[in-house]
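Here is a short walk through one part of a protein model, strand by strand. Have the sequence and the 3D view at hand as you read.

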Amino acid sequence: MPASTANPPRIAVLADSDTRWKWGALTASRIVPRSGSGVQADPALLDGFLLRGRATPTPRQLAEVGVDADSLREVTAVEFLRAMTRESYDVLVLALVGGGVQAVLHGLKRVWEGRADRPVVVTGYVGVVYEKLADGLLLRHGADLVLANSRQDAERFRAVYDGVGADSSSVTEVALPFLGGAPYAGEHDPYTVVFAAQPSVPESRKDRTYLLNRLVQHARLHPRREVLLKLRSKPGEHTTHIEELPYQKLVQRLDPPANFRLVYGNMGEVLDRTDLLVTISSTAALESLHRRVPTVVLSDLGVREALGNHHFVGSGCLASWDQLDAGHRPTPDEEWVARQGVAAGGTPSGGGSYATAFDAARERIAELLERPGGLPPLTPWYTPATAPGYLPGILARHHLGPDGSPLPGAPVSDKEPGPVRQIVRRAARGAYRHGVQRVAPVIRRMGEL
C-alpha cells in the first residue's frame, strides 16, 4: 500500500514493556513516509498491541509515556499473528526483546505466505546497546529495517551481520525517537540535581544502598539545591528490566533532608528543570546530553560492562560522587556525542542534525511500499537449519513451532478476556512480581550463608 495514496498510513506497534511501547510508538510517528511535498497530509493511524507478559505496562505507566494510539489492546503472540492475517497495515514496528522479535518474525513469515502486500516490518533497540550485541542483533535479523540509534551502532550492526554472512542491508541509521525538548538555558532556582535510577543496574543491595547514601549525602552537603531521585516505576510495576530492590524501599531506612525527593513522570518533563543529570548508564544520559544539560555517568562502582557505563568511555562524562560533591562538572566530547546520534544541531566536523535523523528510514520505507510486485517473504537468518539447537526454544516460548505455526494448546480466542480471566491474570502477574521482588532475594541470601 504506497504511502502516496489518499488514505492515511496505518501503523501497528507491538511492544512488551512501557519503555518499548514509548520507543515503538514514537519511532512509528517519525518514520511514516511523507507526501511528495515533504508534509504528511493526514495523521497516521496507530494501533497498539501490548504483548502479554511480566512487563505488560499498567495504565499508570502508559499514561506516563504520554503516547496516544487509535486503539490499544493486550495480546499473546499467537493472537497478534491472527490479527495480522485480518488487518491491513503499511508499517509494523516490533518493539520487543530480541527473542520476541525473532518469534514474531517467524510467525509472520508463516501467516503471510504467498502474500506480497504485507507491511514493512521495522525493529530496533530502545536505547544504548552495551550487551549481547551479536545475540540481540541476530534475533532481530529478518525485519525489513533494523534501526540503529547512532552512527556507531549502525557500523557495529553491519559488522555483525556481515561477519556471519547475513544480509546487512536492513540496518538503517536513525536516532533515539524521544530526544528533544528545550536546550538547557542556565541554572534554575533552586539548582536541581537529578539521579536517574535504573531497575537492574546496579543489582546488589550493597551497591544500590551506596548510591542512595551518596545521593542523600549530596543533598545534605548542598542544602540550597533540590536533589531528586527519578524513578522508573512504583513497587509492583515492571519495566523492561526486573527491579528486585526498589529504591523506594531502601530509602525508608534513611532520614533524608527536606531538599531530597522521589519523583516519577516523563523524563523530558523532569529534564526541563534539571541542572545536573547523574546516572550509572541510563539512556536518560543521552536525552540530557542532547539538550546540553550537564551530565555525569558515575564511576564510583567502576567502569564495567556489567554496569553499562563502559559505553560512555570517551564521552568526557565519567566522574565520581566525590568530584561532584566538590563542584566538578564534566565537559562532553563533541565528537563522541555526535557518534551517539544526540547532537541536536550537528557538529563542527559536519555531522547531521537530529531534525534529519529519520529521513533515510522514511525514504526506505516509502521505496519498499512502492516496490513493484510487493514485498518478498521475511527471511530471518536463524532457521531450523542454521540454529536447530536454539531457534525452536525461542519460538516455543511464544507457543510457536519450528515452522512458526501455533503449537497445540496455544490461545484459540481473540476475544477480550472476561472479568474472571482478567482477575486470574492480574493475580498471576502479581504473584510473579512478588516472587521476583520478595522471595527470590531471600532465597539467594540463604544460598550465600
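Let's begin with strand E9, bearing in mind that this is a predicted model. From E9, the side chains go two ways: Glu226, Leu228 and Lys230 point one way, Val227 and Leu229 point the other way, and all are buried. Because five of the five residues of E9 (residues 226–230) are buried, the strand is largely enclosed by the rest of the structure.

Now for the strands that pair with E9. The pairings are set out here.

| Strand pair | Sense | Bridges |
|---|---|---|
| E8 and E9 | parallel | five bridges |
| E9 and E10 | parallel | four bridges |

On the E8 side, Thr192 is found opposite Glu226 of E9. To get from E8 to E9, the chain passes through helix H7 (residues 205–221), making a right-handed β-α-β crossover. On the E10 side, Leu228 has Arg261 as its bridge partner.

E10 covers residues 260–263, and Phe260 is part of it. How buried is Phe260? Its relative accessible area is 7%, and since buried means under 20%, Phe260 counts as buried.

Which residues does Phe260 touch, leaving aside its neighbours within four places in sequence? Its contacts are Leu212, Leu215, Val216, Ala219, Val227, Leu229 and Val251. Of these partners, Val227 and Leu229 point the same way from E9. Leu229 lies 31 residues from Phe260 along the chain, with 7.7 Å between their C-alpha atoms.

Technical notes
Residues numbered from 1 in each chain as written. Predicted model: local features only at pLDDT ≥ 70, side-chain atom pairs only at ≥ 80, totals over all residues. Heavy atoms only, no water. Buried < 20%, exposed > 50% of the residue type's maximum accessible area, 1.4 Å probe, protein only. Contact = heavy atoms within 4.5 Å. Pairing = 2+ DSSP bridges. Right-handed = clockwise from strand over helix to strand, strands pointing away.
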